[in-house]
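This report goes through one protein chain, from a single loop residue out to the whole fold. Please keep the sequence and the 3D view at hand.

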Amino acid sequence: HTANLELMRNGRGLQIKGSGESSGFPITVNFTNFSIATIAAMIKSDTLFADGLINGTVKLDAVAPVKFVADLTIDSIQAMSQPIGTLALKASSPSPDVFNVNAELKGDSVDVVVKGDYKTTGDDNLDFDINIPEFSLAAAQPFVRDIVSDLKGMANGRLTLGGSTSKPVVRGSLSMKNASLIYSAYGTGLRIPDETIVFDDQ
């Protein structure tokens, strides 16, 4: 027999389905318009940092080592009330020490694609390609709100993320256009001329 748990209200929530096998696996979690706010409230109840609606499936085949496949979409993402866009996320563990990620964030003047692997072993465990055809700097405002305000402009480029989680290595280039901001500590405005920032060994 199968073991099921359903937490649904007004067509929103999640369903957890077990196989009923002695191992307990596979376990499938189905999300239907599940609000990020529910999770955010558990982490920091005084401020709603993020919101959005999660739809999709996570299938867990084992935990030692972890083996899973995830296919999720997060719609209407907001961070500190700033609209961000929609995130399509596919992730899996093709081998015991490798996690594969394919993520695409799209919104109003936001287009970012991240593909690559994270390894749980070795020194160089990051291997990601980041393609940024278009990115509105205003979308990053919630994440740097304590440092800068009134962030404006556009960016695009291609980057790679390597190295390790303790010593990440970023390579590639990022082009800025009509960028400006206000440095919060002094209220000083700063304009960045249209230029390309190159990340290399120098």
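## Alanine 138 and its loop

Beyond its neighbours within four places in sequence, alanine 138 is in contact with Gln82 and Leu151. Alanine 138 sits in the loop between strand 9 and strand 10. The model is a predicted one.

Is alanine 138 buried, partly exposed or exposed? Its relative accessibility is 25%. Buried would require under 20% and exposed over 50%, so alanine 138 counts as partly exposed. Aspartate 150 is twelve residues further along the chain, and its C-alpha atom is separated from that of alanine 138 by 7.6 Å.

## Leucine 137 and the nonpolar core

Leucine 137 touches Leu151, Lys152, Gly153, Met154, Ala155, Met176 and Ala179, with residues up to four places away in sequence not counted. Leu151 is thus a contact of leucine 137 and of alanine 138.

Leu137 is also among the residues with the most contacts inside the largest nonpolar core; the others are Phe31, Ile54, Ile132 and Phe135. This core has 29 residues. Which elements give two or more residues to this core? They are strand 3 (27–35), strand 4 (50–63), strand 5 (66–79), strand 8 (110–119), strand 9 (126–136), strand 10 (148–163) and strand 11 (168–183).

## Asparagine 30, a buried polar residue

Asparagine 30 lies in strand 3. Its relative accessible area is 18%. The limit for buried is under 20%, so asparagine 30 is buried.

What does the side chain of asparagine 30 make a polar contact with? The partner is the side chain of threonine 57, at 3.0 Å. Thr57 also appears in the list of residues in contact with asparagine 30, together with Gly13, Leu14, Gln15, Lys17 and Gly56; neighbours within four places in sequence are left aside.

## Backbone exceptions

Most residues other than glycine have a negative phi, and most peptide bonds are trans. Three sites here deserve a check against that background.

Asparagine 10 is not a glycine, yet its phi is positive, at about 55 degrees. It is placed in the loop between strand 1 (3–9) and strand 2 (12–18). Asparagine 10 counts as exposed, at 76% relative accessibility. Serine 76 also has a positive phi of about 55 degrees without being a glycine. Serine 76 lies in strand 5 and counts as exposed, at 52%. The peptide bond from alanine 64 to proline 65 is cis, with omega near 0 degrees. Proline 65 belongs to the loop between strand 4 and strand 5.

## Serine 95

Serine 95 lies in strand 6 (residues 82–95). Its relative accessible area is 27%, and serine 95 is partly exposed. Glycine 24 is 71 residues away along the chain; the two C-alpha atoms are separated by 20 Å.

## The whole chain

How many helices and strands are there in the protein chain? There are one helix and 13 strands. From the N terminus, the order of elements is β-β-β-α-β-β-β-β-β-β-β-β-β-β. Along the principal axes, the C-alpha atoms fill a box of roughly 65 × 40 × 25 Å.

Of the 202 residues, 30% are buried. Among contacts with a separation of 6 or more, 33% join residues 24 or more positions apart. The accessible surface comes to about 12400 Å², and 55% of it belongs to carbon and sulfur atoms. The chain has 17 positive and 23 negative side chains. The centres of the two sets lie 3 Å apart.

How values were computed: Residues are numbered from 1 along each chain as its sequence is written. This is a predicted model: local features need pLDDT of at least 70, side-chain atom pairs count only at pLDDT 80 or more; totals for chains, interfaces and linings use all residues. Side-chain values use heavy atoms; hydrogens and water are left out. Helices (H or I, at least four residues) and strands (E, at least two) are DSSP runs, numbered from the N terminus. Buried means under 20% relative accessible area, exposed over 50%, partly exposed in between (1.4 Å probe, protein chains only). A nonpolar core is a set of buried Ala, Val, Leu, Ile, Met, Phe, Trp, Tyr and Cys residues joined through side-chain atoms within 4.5 Å. Contact means heavy atoms within 4.5 Å. Accessible areas come from the Shrake-Rupley method with a 1.4 Å probe; for residues, only the protein chains shown count as cover. Lys and Arg count as positive and Asp and Glu as negative; His and the chain ends are not counted. The place of a charge is taken as NZ of Lys, CZ of Arg, CG of Asp or CD of Glu. A polar contact is a pair of N or O atoms within 3.5 Å; within protein, one must be able to donate a hydrogen and the other to accept it, and residues adjacent in sequence count only if both atoms are side-chain atoms.
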